[in-house]
Amino acid sequence: MESISSDSLQLQQLSFEHFKKEVLQDYRFACLSREASLLGRKEVLTGKAKFGIFGDGKEVPQLAMAKFFQPGDFYSGYYRDQTFAFATGAASIKEFFAQLYADPDTSHDPHSAGRQMNSHFATAFVDENGECLDLVNRKNLSSGMAPTAAQMPRSVGLALASKLFRNSDVLKNFSSLSDHGNEVCFTTIGDASTSEGHFWETMNAAAVQQIPLAVFVWDDGYGISVPKTYQTTKGSISDALKGFQKNEETNGIEIYKVKAWDYAGMCEVFEAGITKIRATHTPALFHVEEVTQPQGHSTSGSHERYKTTDRLQWERDWDCIKKMKEWIFENSLADEEELAVIETEVKEYVRTEKQTAWNEFHQPIIEQVQKVSSLLQTLIESSSNAPAIQKLKQELENNREPSRRDVMSSLYKSILLAEDVRNEEAGKYYHELVDESKSLFNTHLYHEGASSAMKVAVVKPEFIADAQVLNGYEILNRYFDQLFSNNPKVVAFGEDLGFIGDVNQGFAGLQAKHGETRIFDTGIRELTIMGQGIGLAMRGLRPIAEIQYLDYLIYGLQPLTDDLATLQFRTAGRQSAPVIIRSRGHRLEGIWHSGSPMGMIINSLRGIYVCVPRNMVQAAGMYNTLLQSSEPGLVVECLNGYRLKEKLPSNLSNFTVPMGIPEVIREGTDFTIVSYGSTLRIIDEAAQQLQKMGTSCEVIDVQTLLPFDIHHIILQSLKKTNRIVFIDEDVPGGAAAYMFNKVMEEQGGYKYLDVAPRTITAKAHRPSYGSDGDYFSKPNAEEIIEVILEMIRE
Ligand SMILES: Cc1ncc(C[n+]2csc(CCOP(=O)(O)OP(=O)(O)O)c2C)c(N)n1
Ligand SMILES: [Mg+2]
């Protein structure tokens with residue numbers, strides 16, 4: 001008996017020691033993070049960094065949250081979460097400062113290669129070839145973004161993936177991506193940002209779908225200067241969301257309220273809450289109240305301007321680290337002296353790491369300055385402009401914190417001044433620096449490794465002698481059926497896509513065949529349909545996310561332009577989301593079902609492939625190409641093409657349509673007409689008429705707008721015809737102007753013109769409803785003929 005009780009005493013002692021150690025480690029992280037915030041702000045105020053936004057006041061809740069973040073879990077949060085990143089091991093203090101300085105070296109700032117403002121963290125999801133890493137064994141932080149609430153839509157997909165991995169038979173074997181769907185997505189958001197529609201749409205999508213999403217609201221009472229009474233119904237997001245509360249008979253969410261200064265309370269609630277989410281996939285809101293903001297919102301201003309003295313005093317009194325310290329004393333976990341040791345050690349540590357980060361950032365620039373100095377010295381020795389060059393040299397050498405920009409500018413100006421000197425060294429070095437800076441600042445917009453969509457082998461479609469002729473939608477239906485039979489990672493979803501198989505029957509009958517976990521309906525929520533696609537793709541799946549009509553892409557454009565299109569760039573290729581966005585557009589009827597806002601799309605989606613197939617066979621080939629790559633793409637099917645007859649290729653699942661390679665679909669000698677999509681049929685009608693009148697038109701389908709004619713096929717045609725027209729259904733100055741620019745400026749097409757080139761586009765307004773509305777608003781065959789006859793007369 002005696003030995004048992006002494007064992008249990010020992011055990012108790014051990015677990016107490018363990019507990020104490022953990023608490024003190026958390027306290028250390030809290031102090032570490034606070035010190036990083038304090039020093040970070042100083043770095044901005046003294047000019048070493050441009051802008052800073054910090055997580056002070058949010059340390060303790062994030063330490064509590066980090067405790068329950070397991071390998072395999074995903075995080076989608078915002079700029080306040082440095083403590084979470086430190087505590088999970090996703091970021092170091094040195095990396096934090098490297099990002100603050102905008103260090104473009106990925107080994108210094110692996111989160112963004114200096115491309116993002118501070119505290120936008122990201123862990124690696126893919127290797128340099130775009131292959132998914134073993135995400136199940138990693139703590140995964142999806143790359144942060146500055147637009148408020150932008151992290152919400154994608155978290156739907158990050159959480160939904162767990163549900164699919166848990167419930168889909170065909171996904172059971174992907175053990176490096178999921179452990180039976182046990183992964184939780186941790187999402188953080190500020191109290192004011194819950195005012196965004198993104199938040200509400202996400203909460204609703206999560207509650208309807210019952211997915212393992214944990215949403216933490218850091219409620220510091222303000223969105224910059226605007227208090228939450230102006231932001232949130234009843235001034236409380238948890239109160240406002242009460243109707244979302246799940247009960248036994250309904251779906252919904254769990255709602256928890258905690259206080260940011262209550263370390264023990266938060267640990268207890270988060271542990272129980274996260275455990276439940278993991279087990280049941282019921283999403284939850286953790287409303288963390290009474291959060292403070294010791295240094296105010298950011299380095300751009302002071303909070304004394306809008307907070308009362310009472311509020312400021314309250315924030316000092318209820319600072320979470322102060323309260324944690326009091327709690328440690330109350331529970332006799334450490335005395336003043338022990339904590340003082342931690343505090344001193346941490347201060348020294350952060351200072352040293354900060355200095356190292358600065359030195360590492362600065363060293364290559366110092367080397368450049370030295371090299372440029374010596375080059376300028378040579379110029380000074382032989383140029384008649386020596387005094388001016390000497391001045392530039394002196395300025396550069398005296399600059400205590402020179403940037404790459406200063407180096408380049410001094411060097412280039414000196415080269416111009418030293419016109420009279422024959423010295424190739426300086427020019428050569430300038431170009432070396434130009435090349436180096438391109439690789440540091442302008443890379444990774446698209447994937448640069450082996451799985452680039454540009455590297456997919458071209459396989460031509462094959463047709464047997466008596467190939468079946470089917471309606472366009474039937475071609476797609478066969479295609480998707482084969483795709484779902486061959487590729488277990490593909491899922492497709494959208495409005496009316498599941499049960500009825502989409503509004504044009506591309507998926508008709510396929511949910512019944514391949515299952516509801518693979519082909520399914522969503523609510524009307526384009527924003528989170530896009531986010532769902534992005535998140536699922538980040539987790540290694542190959543989603544096809546459908547926007548019912550291209551006109552409604554605008555609802556979902558924000559995640560595409562801010563998140564998806566920038567993802568590879570802003571993580572220097574360490575994260576990617578190869579989602580396919582499927583939509584249908586161009587000619588149909590009226591203001592909202594005939595849209596072709598391609599200029600808007602291509603200008604906001606650089607970083608995504610934009611495919612504009614003229615028919616459904618071409619569309620299938622584009623899907624194949626994208627699916628063989630690790631990159632995202634938008635495919636705009638022609639709304640009026642589903643009932644047109646097409647020949648069925650025998651290699652439907654395998655043939656590919658290359659990206660950026662136009663196709664000459666009608667050969668001719670007098671005119672080059674460049675277009676895409678539905679407009680090609682109108683052009684064909686005009687070309688046939690013109691042929692009868694003795695004018696021969698070469699018609700070129702660009703096939704993809706991003707990328708555009710990489711081999712300059714259009715230029716070859718123009719060299720032959722010397723006359724060119726760009727036609728589409730976008731507004732004047734839209735995608736036709738883009739094509740014009742590409743061919744005239746980039747391809748040097750202007751050199752081969754006999755007459756002024758033209759664009760023929762839709763009118764600036766949207767089309768009126770009905771066939772006449774279409775005829776008088778979009779380009780028509782007669783108008784095209786008229787323009788070409790005018791060009792002949794010129
Ligand atoms: C879409 C968008 N609108 C406005 C801003 C400018 N802005 C940056 S942070 C912020 C306030 C956010 O407050 P809150 O969500 O409470 O987070 P906190 O900074 O208080 O933690 C605003 C308005 C932005 N980044 N994005
Ligand atoms: Mg706030």
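A polar contact is taken here as a pair of N or O atoms within 3.5 Å. With that criterion in place, the predicted model can be described from its ligand site outwards, beginning with the nitrogen atom of ligand 1 that is 3.1 Å from a polar backbone atom of Ala146. Side chains also take part in the polar surroundings of this ligand: an oxygen atom of ligand 1 is 2.9 Å from an N or O atom in the side chain of Arg80, and a polar side-chain atom of Asp191 lies 2.7 Å from an oxygen atom of ligand 1. Taken alone, ligand 1 exposes 580 Å², of which the protein buries 71%.

The shell around ligand 1 is made up of 17 residues, and the closest of these are Tyr78, Tyr79, Asp191, Ser193 and Tyr222. When the residues of this shell are divided by character, 7 are nonpolar, 6 are polar and 4 are charged.

Two of the closest residues to ligand 1, Asp191 and Tyr222, are also donors to the magnesium ion (ligand 2), which is coordinated by Asp191 (OD), Asp220 (OD) and Tyr222 (O) at 2.0 to 2.1 Å. Along the sequence, the donor residues of the magnesium ion follow the spacing D-x28-D-x1-Y. Asp220 has a relative accessibility of 4% and therefore counts as buried, and Tyr222, at 14% relative accessibility, is likewise assigned to the buried class. The cut-off behind both assignments is a relative accessible area under 20%.

A separate region of the model involves Glu546, which is placed in strand E12 (residues 542-547). Because its relative accessibility is 0%, Glu546 counts as buried, and its side chain is joined to that of Arg582 by a polar contact of 2.8 Å. Apart from residues up to four places away in sequence, Glu546 touches Phe493, Gly494, Glu495, Leu497, Asp502, Ile529, Arg582 and Arg584.

Ile529, one of the residues touched by Glu546, belongs to helix H17 (residues 526-538). Ile529 has a relative accessibility of 0% and so counts as buried. When neighbours within four places in sequence are left aside, Ile529 is in contact with Phe493, Gly494, Glu495, Thr522, Gly523, Ala545 and Glu546; the residues Phe493, Gly494 and Glu495 thus appear among the contacts of Ile529 and also among those of Glu546. As for longer separations, Ile529 and Leu396 are 133 residues apart in sequence, with their C-alpha atoms 51 Å apart in space.

Two loop positions were also examined. Ser696 is found in the loop between helix H21 (679-692) and strand E19 (697-701), where its relative accessible area of 11% means that Ser696 is buried. Not counting residues up to four places away in sequence, Ser696 touches Glu667, Gly668, Thr669, Asp670, Phe671 and Gln691. Asp754, for its part, is located in the loop between helix H23 (735-746) and strand E22 (758-760), and with a relative accessible area of 59% Asp754 is exposed, the cut-off for that class being over 50%. The C-alpha atoms of Asp754 and Ile724 are 9.3 Å apart in space, while the two residues are 30 residues apart in sequence.

Technical notes
Residues numbered from 1 in each chain as written. Chains lettered and ligands numbered in written order. Predicted model: local features only at pLDDT ≥ 70, side-chain atom pairs only at ≥ 80, totals over all residues. Heavy atoms only, no water. Near = heavy atom within 4 Å. Polar contact = N/O pair within 3.5 Å; in protein donor to acceptor, adjacent residues only side chain to side chain. Areas by Shrake-Rupley, 256 points an atom, 1.4 Å probe, with all protein chains shown as cover. Nonpolar A, V, L, I, M, F, W, Y, C, P; charged D, E, K, R; others polar. Donors = N, O, S within 2.8 Å, 3.2 Å for Na, K, Ca; no water. Buried < 20%, exposed > 50% of the residue type's maximum accessible area, 1.4 Å probe, protein only. Helix = DSSP H or I, 4+ residues; strand = E, 2+ residues; numbered from the N terminus. Contact = heavy atoms within 4.5 Å.
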